[in-house]
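Student: Could we go through this model together, with a question for each feature and the reasoning spelled out before the answer?

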Amino acid sequence: MFKKSFTLAIVLFLITTPAYAQTPTVESLELSINLVWVMLGAFLVFFMHAGFAMVESGFTRSKNTLNILMKNFLTICIAAILFFAVGYGVMFGSSTGTIIGTNGFFLNSVEDIGFFVFQAMFVATCATIMSGAVAERIKLGSYILIVIAMTTFIYPVVGHWIWQGDGWLTALGFSDFAGSTVVHLTGASGALMVISILGPRIGKYNGKKVNVIPGHNLPLGALGVFILWLGWFGFNGGSTLAADPSLVPYVIGTTLLSTSAALVSSSFYTKLRFKKVDASLSMNGVLGGLVGITAGAAEISLGGSILVGLVSGILLVEAIRFIDTKLRLDDPVGAIAVHGVCGIWGTLAIGFFSIDTGLFYGNGFSQLGIQALGVLAVIIWVSATIGGFTYALNKISPIRVSAEEEKAGLDFSEHGSSAYHFKDSYLEGTSSPKAPIGLADRLNQKIPVENSTKS
């Protein structure tokens with residue numbers, strides 16, 4: 001009897017349950033495919049942060065690796081939350097005076113959450129550009145406060161000017177498809193101001209002499225470059241915001257060709273300049289080519305993208321040397337040259353190479369002038385805001401770690417642990433021949449703090 005009743009109940013449930021599935025329409029399928037493409041782009045841009053972490057770790061010293069990893073993790077998490085709470089509204093809210101958005105905070109009344117997720121990856125990318133430039137000597141707490149200022153207000157204002165439909169630079173006709181200026185120049189301008197206040201690493205400059213401080217793991221840095229290269233196909237390709245069968249391959253094609261040309265030009269140029277092919281500069285050449293084509297990926301021809309990349313690779317090499325030896329600004333990973341100088345070039349390149357508005361296609365200097373104005377406006381805005389904020393922060397409490405902490409490495413001074421186990425001396429300038437035991441080890445083994453250097 002029970003089995004019959006149970007079977008009857010199942011049959012009645014299946015008969016009476018309404019069918020919720022609806023027959024898909026062409027419009028719904030198109031919407032779904034576009035959403036999947038943009039989300040795939042967001043995933044790839046998220047993965048770029050693994051690349052940034054590997055590049056920054058590999059191009060710096062091993063004693064700061066854990067600190068660098070934690071900075072990159074904290075950057076993307078803080079950026080996502082603050083962009084949700086404030087930044088998205090400032091960037092894409094209803095415009096006040098074509099300068100700033102004033103609604104949409106906490107995604108209130110925002111229907112396109114997918115667009116928010118994609119843009120959140122970009123704001124984190126802008127912030128993490130600063131991480132590499134300030135590596136090995138900034139306090140973690142100070143870095144976090146600078147990230148908060150950048151992601152909450154400074155970057156979103158730039159984005160509103162350029163990517164919001166009624167922003168003032170948009171109205172003038174300024175073009176930046178995927179962020180050579182919005183993302184990369186903004187991050188690099190912020191990095192320039194912070195390291196100007198922060199100062200160089202100990203031992204970088206002795207009088208007029210410039211000392212090379214080599215990274216501890218170039219293969220790790222190379223892996224990071226490859227990850228960034230892969231992620232950039234989502235960075236630029238996803239910026240189409242639709243799975244357009246003609247536009248998406250075009251954007252990815254220009255991205256590939258520009259990057260390839262930049263690697264070739266930076267490699268051959270270092271051979272010509274220094275009699276050897278410099279590996280680290282060539283790897284940075286890849287990134288310079290990526291940044292260079294980001295603004296014009298959708299409106300520069302395939303052949304034009306190769307020219308943009310060739311110039312990016314050479315410009316990158318000279319920019320790193322100029323910043324390092326002439327300006328004497330210590331940028332361990334070349335972030336300012338990669339994202340700033342190549343970002344400026346990529347933005348201006350539209351004025352030359354754009355099929356629709358470029359000088360070389362018979363359209364005069366108008367677009368080039370607008371691009372130059374936008375670059376100048378962003379540099380002034382970011383320099384004034386990040387520079388002023390960092391200066392005030394440094395006056396309240398120094399943003400730099402002590403000399404002893406810097407020599408020992410930020411892994412142990414900031415996190416009580418280390419990324420690697422060393423056989424040789426860990427603390428420079430101390431008598432201890434052993435690696436310090438991590439904080440977790442001390443707690444687990446109940447080793448007193450004063451005995452923490454015991455092996």
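## Backbone, rings and enclosed space

Tutor: In this predicted model, R328 counts as partly exposed, at 28% relative accessibility. R328 lies in the loop between α11 and α12 (335-353).

Student: What is the approximate phi of R328?

Tutor: R328 is a residue other than glycine, and yet its phi is positive. Its position is the loop between α11 and α12, and the value of phi for R328 is near 55°.

Student: Is S109 buried or exposed?

Tutor: S109 is found in the loop between β2 and α4, and its phi, near 65°, is a positive value in a residue other than glycine. The relative accessible area of S109 is 65%, and exposed means over 50%, so S109 is exposed.

Student: How many disulfides does the structure hold?

Tutor: A disulfide requires a pair of cysteine sulfur atoms within 2.5 Å. Among the cysteines, C77 is partly exposed with a relative accessible area of 45%, whereas C126 is buried with a relative accessible area of 0%. The number of disulfides in the structure is zero.

Student: How are F84 and F106 arranged as an aromatic pair?

Tutor: The structure holds 21 aromatic pairs, and the one formed by F84 and F106 has its rings 5.7 Å apart, centre to centre, with 85° between the planes. Because planes over 60 degrees apart count as edge-to-face, the arrangement of F84 and F106 is edge-to-face.

Student: How many residues apart in sequence are the parts that the pair of F84 and F106 ties together?

Tutor: F84 lies in helix α3 (residues 65-92), while F106 lies in the loop between β2 (100-101) and α4 (113-133). F84 counts as partly exposed at 30% relative accessibility, and F106 is exposed, with a relative accessible area of 54%. The pair therefore ties together parts whose separation in sequence is 22 residues.

Student: And how are F226 and W229 arranged as an aromatic pair?

Tutor: Both F226 and W229 lie in helix α8 (residues 218-237), where they are three residues apart, about one turn of the helix. Their rings are 6.3 Å apart, centre to centre, with 10° between the planes. Because planes under 30 degrees apart count as stacked, the arrangement of F226 and W229 is stacked.

Student: Is W229 buried or exposed?

Tutor: Its partner F226 is exposed, with a relative accessible area of 57%. W229 has 16% relative accessibility, and the cut-off for buried is under 20%, so W229 counts as buried.

Student: Which residues form one aromatic cluster?

Tutor: F84 and F106, already described as an edge-to-face pair, both belong to this cluster. The full membership of the aromatic cluster is F83, F84, Y88, F92, F106, F115 and F116.

Student: Which residue has the charged end of K204 over its ring?

Tutor: Elsewhere, K71 lies over the face of Y143, at 5.3 Å from the ring centre. For K204, the charged end sits 6.0 Å from the centre of a ring, and that ring belongs to Y205.

Student: Which element gives the largest share of the lining of the largest pocket?

Tutor: The largest pocket has a volume of about 640 Å³ and is lined by 26 residues, of which V212, S280, L281, I320 and D324 lie nearest its centre. The elements that give two or more residues to this lining are α10 (279-294) and α11 (302-326). The largest share, five residues, comes from α11.

Student: How many residues of the lining of the largest pocket are charged?

Tutor: The lining residues of the largest pocket divide into three classes, with 14 nonpolar and five polar. The number of charged residues in that lining is seven.

Student: Which elements give two or more residues to the lining of the largest cavity?

Tutor: The structure holds one cavity of 30 Å³ or more, and about 120 Å³ of space lies in the largest cavity. Of the 13 residues that line the largest cavity, F52, V55, V333, A335 and H339 are the closest to its centre. The elements that give two or more residues to this lining are α2 (26-58), α4, α10 and α12.

Key: Residues are numbered from 1 along each chain as its sequence is written. This is a predicted model: local features need pLDDT of at least 70, side-chain atom pairs count only at pLDDT 80 or more; totals for chains, interfaces and linings use all residues. Side-chain values use heavy atoms; hydrogens and water are left out. Buried means under 20% relative accessible area, exposed over 50%, partly exposed in between (1.4 Å probe, protein chains only). Rings of Phe, Tyr and Trp (its six-membered ring) pair if their centres lie within 6.5 Å; planes under 30 degrees apart count as stacked, over 60 as edge-to-face and the rest as tilted. Helices (H or I, at least four residues) and strands (E, at least two) are DSSP runs, numbered from the N terminus. A charge sits over a ring if NZ of Lys or CZ of Arg is within 6 Å of the ring centre and within 35 degrees of the ring normal. On a 1 Å grid over the protein atoms alone, a cavity is a set of points where a 1.4 Å probe fits but cannot get out, and a pocket is an open set with protein on both sides within 12 Å along at least five of seven lines; lining residues have an atom within 4 Å of a point. Grid points are joined across faces, edges and corners, and a volume is the space filled by probe spheres set on the points. Ala, Val, Leu, Ile, Met, Phe, Trp, Tyr, Cys and Pro count as nonpolar, Asp, Glu, Lys and Arg as charged, and the others, Gly among them, as polar.
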